[in-house]
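Work through the following exercises with the sequence and the structure side by side. Try each task before reading its solution.

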Amino acid sequence: MKREEWEAICDKCGKCCYEKVDLGGGIIRYLDEPCQHLDTETNLCKVYGIRQDAEPDCIQLTEDLVRDLGWLPEDCAYVRYMRHQDTLAAVHSAAVHKKRSRNSKRRR
Ligand code: SF4
Ligand code: SF4
């Protein structure tokens, strides 16, 4: 997927740009404190093009990171996208497995 296509998935809700604390046991609590670079009127980053330089904690999301991070909001568009992709992959894999199994039974 091209970079622009990946970026277009984000619905720009700004939720991931708020401070959060890890309470353990997979529980993440979001605080009311936004990143200093978040425009809370528009929910857009004011330094998006240079965000990693402006905010060292800010990360560039990738498919693997979205799967692994565990602190993105449940309704984050990337989280929903990756769940959808993983479901499609699982359904495809199950269909291939079923077809192979059927073919191998026919050969016996
Ligand atoms: S620097 Fe990063 S965390 Fe801060 S507002 Fe911009 S995108 Fe969000
Ligand atoms: S929570 Fe997800 S959809 Fe919302 S701004 Fe952050 S990356 Fe984009």
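The exercises below concern a predicted model, and they go from the whole chain to its strands, its loops and its ligands.

**Exercise 1. Describe the overall form of the chain and how much of it is buried.**

Step 1. Begin with the secondary structure, which comes to 4 helices and 4 strands, and read the elements along the sequence to obtain the pattern α-β-β-β-β-α-α-α.

Step 2. Turn to the extent of the chain, whose C-alpha trace spans about 65 × 35 × 20 Å along its principal axes. The radius of gyration is 19 Å, whereas a compact globule of 108 residues would have a value near 13 Å.

Step 3. Consider burial, for which the cut-off is 20 or more other C-beta atoms within 10 Å of a residue's own; of the 108 residues of the chain, 4% count as buried.

Step 4. Finally, look at the contacts with a separation of 6 or more, 33% of which are accounted for by residues 24 or more positions apart.

**Exercise 2. Work out how strand 1 and strand 2 are paired, and say how well they are covered.**

Step 1. Establish the direction: strand 1 and strand 2 run antiparallel and are joined by 5 bridges.

Step 2. Locate individual partners across the pair, where Tyr18 is bridged to Pro34 of strand 2 and Gly24 to Ile27 of strand 2.

Step 3. Examine the turn, since the two strands form a hairpin with 2 residues between them, and Gly25 in that turn has a positive phi of about 60 degrees.

Step 4. Check the cover: strand 1 has 0 buried residues among its 7, and strand 2, which comprises residues 27-34, has 0 among its 8.

**Exercise 3. For Lys12 and Asn43, find the backbone phi, the position in the chain and the exposure.**

Step 1. Take Lys12, which has a phi near 55 degrees, a positive value in a residue other than glycine, and which is found in the loop between helix 1 (3-9) and strand 1 (18-24).

Step 2. Count its neighbours: Lys12 has 12 other C-beta atoms within 10 Å, and because a residue with 12 or fewer is classed as exposed, Lys12 is exposed.

Step 3. Take Asn43, a residue other than glycine whose phi is likewise positive, near 65 degrees, and which lies in the loop between strand 3 (38-39) and strand 4 (44-45).

Step 4. Count again: Asn43 has 14 other C-beta atoms within 10 Å, so Asn43 is partly exposed.

**Exercise 4. Which residues surround ligand 1 and ligand 2, and how do they divide by class?**

Step 1. List the residues around ligand 1, namely Cys17, Cys35, His37, Leu38, Cys45, Val47, Arg51, Ala54, Glu55 and Cys58.

Step 2. Sort the shell around ligand 1 by class, which gives 7 nonpolar, 1 polar and 2 charged residues.

Step 3. Repeat the search for ligand 2, whose surroundings include Cys10, Asp11, Lys12, Cys13, Gly14, Lys15 and Cys16, together with Leu72, Pro73, Cys76, Ala77 and Tyr78.

Step 4. Sorted in this way, the shell around ligand 2 has 8 nonpolar, 1 polar and 3 charged residues. Lys12, the residue with positive phi from the previous exercise, is one of the residues that surround ligand 2.

Methods:
Residues numbered from 1 in each chain as written. Chains lettered and ligands numbered in written order. Predicted model: local features only at pLDDT ≥ 70, side-chain atom pairs only at ≥ 80, totals over all residues. Near = placed C-beta within 6 Å. Nonpolar A, V, L, I, M, F, W, Y, C, P; charged D, E, K, R; others polar. Pairing = 2+ DSSP bridges. Rg over C-alpha atoms; globule rule 2.2 N^0.38 Å. Contact = placed C-beta atoms within 7 Å.
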